[in-house]
Amino acid sequence: MKKTAAFLSAIFCASAFAFAASNPAPTGQSLARTFPYSMIGQVEFYSGRSAYVGSGTVIKTHSVLTAGHVMWDPDYGWSTHMLFTRSLYSGSYISSQYARRKYILGGYSTNANYYGPDSVLAFANDMGAMVFRNTIADGAYAGWWANPTLLTSGGGSKLLGYGAEFHTGDELLSVTTLDAFTRTRGGFYENDSISVEGGMSGGPVLEDDGSGNLYVVGVVVAGSDHPVSGGIRVLDTKAARFIGSYLR
Amino acid sequence: MKRKRLLVALTIAAFLAGFAATVWLRPAVSPEKQRVNTSPLPQSSAPFSNAPATSQNQPRAKTTPAKSLPLSAQIDAILAALQTGADPREQLDALKAALRDVDPKQAIAAILNFLASGRDASTGLAFQVGEGGALDGAPTLRVFLMDQLGQLARDSGDAAGGNIARQVLQTKNSADEWAISLRNLAWSDPNARPFLAGKMREMLTYQPWLQKPDSGFLEAFDVIAYTQDPGFTEPLADMLRTGNPPLQRAAAVALDRLAETAPLAVMNYLNNNPGVLADKPFVRADYFAKADFSDSSQRKAVEAYLDRGDVSVPEKSKLISELASPGSFVSDGLLTSSAPPEPTEKQNSALLDTVQHWIDSQKYPHLQTPLLELQQELAH
């Protein structure tokens with residue numbers, strides 16, 4: 001099934017690889033099954049009559065953090081059949097579960113700041129989450145840290161997700177920034193030293209706390225081909241309240 | 001200019017043969033689940049830092065009004081400072097604290113005195129709603145003071161908040177002032193919903209505000225969810241189709257929240273007005289997915305929708321699929337709390353029982369496949 005996603009490669013061509021930027025590459029199954037990477041999974045869903053893939057991270061015992069545009073579309077409304085497959089790698093996975101509740105962080109004016117699919121105003125508020133009936137990872141979850149300054153102080157941030165443009169969508173991909181992120185607007189930050197690909201939407205941005213512990217500090221939400229860049233929605237105080245208030 | 005794009009990947013081309021063709025959802029992954037040792041439970045999330053300030057203004061001079069001044073003099077000092085480009089956040093925070101330091105009647109009197117003067121100054125901040133409907137950002141000193149007035153009046157039981165609101169709502173000078181006045185009046189008078197609905201309808205037809213909707217205008221859409229008036233469904237649906245992008249999005253969020261706060265009324269309205277949202281069938285289906293099946297009236301409204309001949313099978317299938325995992329927009333609203341709680345066991349049982357009955361009785365033969373999928377998802 002997911003092999004069909006490769007057809008998008010023809011649409012977006014290989015432009016992203018023509019620039020001097022780090023490109024997403026498979027982590028290997030061993031790393032993908034190591035905490036906190038093992039908290040990442042693929043999100044399959046329907047929007048309208050079409051099926052898509054995105055990514056997400058177990059952020060609480062019953063909840064997965066992802067991108068808002070994975071959850072909702074102006075023409076088709078809420079996405080359905082949202083299946084989270086944790087630690088999918090080359091056909092095997094640890095667990096798989098359908099979402100029971102969906103949330104998008106954003107209200108009347110924040111969501112209304114939407115001037116098209118490439119609008120930074122939309123990406124600035126592009127965060128969502130799914131809540132599940134059962135624990136997703138036996139009670140484990142990735143640590144998170146609402147601290148945007150971590151992203152602007154240098155490279156080394158890791159963006160992860162299930163890219164399905166230039167890869168199969170069955171493997172966890174990772175790309176590490178070479179430079180610091182730049183704040184574009186609100187909670188939307190960009191980095192020109194990396195490319196990201198379709199299917200990584202909703203995947204985590206991980207930062208080291210200086211002691212070797214990796215924390216989720218953002219969500220992959222956008223990419224640009226010309227010039228190459230990756231865009232994320234950072235965890236800030238609003239995101240922290242969202243996680244604290246609505247997710248369990 | 002960068003051309004940004006969303007990063008979901010399409011897995012199947014559009015136009016599958018209806019939702020029955022959902023075999024892909026049982027992905028071709030290896031059937032064996034590799035249970036790896038789960039990582040040790042992480043420590044609870046690290047403390048989060050305050051996000052950087054969002055103002056895009058140039059740095060300004062910082063001055064703070066002397067607390068020893070009378071309140072009216074402090075407000076005048078801030079007005080003067082704002083007019084010279086002083087940092088608004090520090091100024092307004094100091095004033096907020098000063099207003100809380102005195103007797104509420106005294107603070108309210110000082111605010112009323114300033115509002116009556118007609119003076120004002122821009123803060124350079126965006127209209128931003130925070131916790132409990134209080135503003136995190138006010139674009140003008142008047143809006144800031146109206147926000148403070150509303151909170152002080154509500155907390156002290158003073159009628160001034162509602163009285164001033166009614167005055168402001170007589171003339172359309174500022175959408176931001178209207179938005180905060182609608183909130184203040186709702187806080188002041190629990191019986192004001194019909195009046196608020198009428199004023200909201202005025203807003204939705206006032207072209208100058210519609211053509212260039214600012215944040216306050218858009219945040220006022222929360223009044224629609226507060227009034228629970230299903231009559232807003234049609235104008236919002238029109239706005240979804242013909243409004244500019246900010247209006248379309250605000251209308252979408254408002255419709256979703258209206259359907260959450262008044263599910264039966266919205267479902268009945270949509271059933272009685274079959275043309276409404278007919279051009280957004282999958283969005284319309286979402287509003288029926290807000291139903292509480294433990295309420296027989298709501299269950300019957302859903303059944304009436306599923307019985308409709310003008311609604312396509314894919315749209316009905318969308319409703320059934322959405323029942324498995326309803327969605328909500330979450331934000332700080334001027335008047336409504338964001339999202340309903342997760343369904344209770346009673347509600348879940350009622351949904352499961354209804355689905356089982358529909359399947360067993362073949363009540364909807366064209367929908368057996370999505371119903372069986374729903375049953376499977378609910379049991380998952």
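**Two chains, one buried leucine and its surroundings**

Okay, let's start with Leu277(B): at 1% relative accessibility, it counts as buried, because buried means under 20% relative accessible area, with exposed over 50% and partly exposed in between (1.4 Å probe, protein chains only). Before I go on, this is a predicted model, where local features need pLDDT of at least 70, side-chain atom pairs count only at pLDDT 80 or more, and totals for chains, interfaces and linings use all residues. Residues are numbered from 1 along each chain as its sequence is written, chains are lettered from A and ligands numbered from 1 in the order in which they are written, and side-chain values use heavy atoms, leaving out hydrogens and water.

So where does Leu277(B) sit? It's in the loop between helix H13 (263–272) and helix H14 (281–288) of chain B. Helices here are DSSP runs of H or I with at least four residues, strands are runs of E with at least two, and both are numbered from the N terminus. Leu277(B) also has a phi near 65 degrees, a positive value in a residue other than glycine. Why point that out? Because most residues other than glycine have a negative phi, and most peptide bonds are trans.

Just after that loop comes H14(B). In this helix 7 of the 8 residues are buried, so it is largely enclosed by the rest of the structure. The buried ones are Phe282(B), Val283(B), Arg284(B), Ala285(B), Asp286(B), Tyr287(B) and Phe288(B). What do they pack against? On the chain A side, strand S6 (77–78), and in chain B, helix H12 (245–261), H13, helix H15 (296–307) and helix H16 (313–322). Contact, by the way, means heavy atoms within 4.5 Å.

Zooming out on chain B: 18 helices and 5 strands, with buried residues making up 54% of its 380 residues. Of the contacts in chain B with a separation of 6 or more, 67% are between residues 24 or more positions apart.

Now a helix pair. Helix H6 (residues 175–188) and helix H7 (residues 193–204) of chain B have axes that come within 11 Å and cross at roughly 170 degrees. Axes are lines fitted to C-alpha atoms, for helices over the stretch in contact, with angles from 0 to 180 degrees between N-to-C directions. H6(B) and H7(B) are therefore roughly antiparallel, since that label covers angles over 145 degrees (under 35 is roughly parallel, 65 to 115 roughly perpendicular, the rest oblique). Among the residues that meet are Trp178(B) and Leu182(B) from H6(B), and Phe195(B) and Met200(B) from H7(B).

Over to chain A, and strand S9 (residues 127–132). All 6 of its 6 residues are buried, so S9(A) is largely enclosed by the rest of the structure. Met127(A), Ala129(A) and Val131(A) cover one side, with Gly128(A), Met130(A) and Phe132(A) on the other.

Which strands pair with S9(A)? Strands pair if DSSP finds at least two bridges between them. Strand S4 (residues 63–66) runs antiparallel to S9(A), joined by 4 bridges, and Thr66(A) stands opposite Gly128(A). Strand S8 (residues 95–105) is antiparallel to S9(A) too, over 6 bridges, with Ala99(A) opposite Phe132(A).

Two last oddities in chain A. Asp138(A), in the loop between S9 and strand S10 (158–161), has a positive phi of about 55 degrees although it isn't a glycine. And the peptide bond from Phe35(A) to Pro36(A) is cis, with omega near 5 degrees; Pro36(A) lies in the loop between helix H2 (29–32) and strand S2 (40–47).
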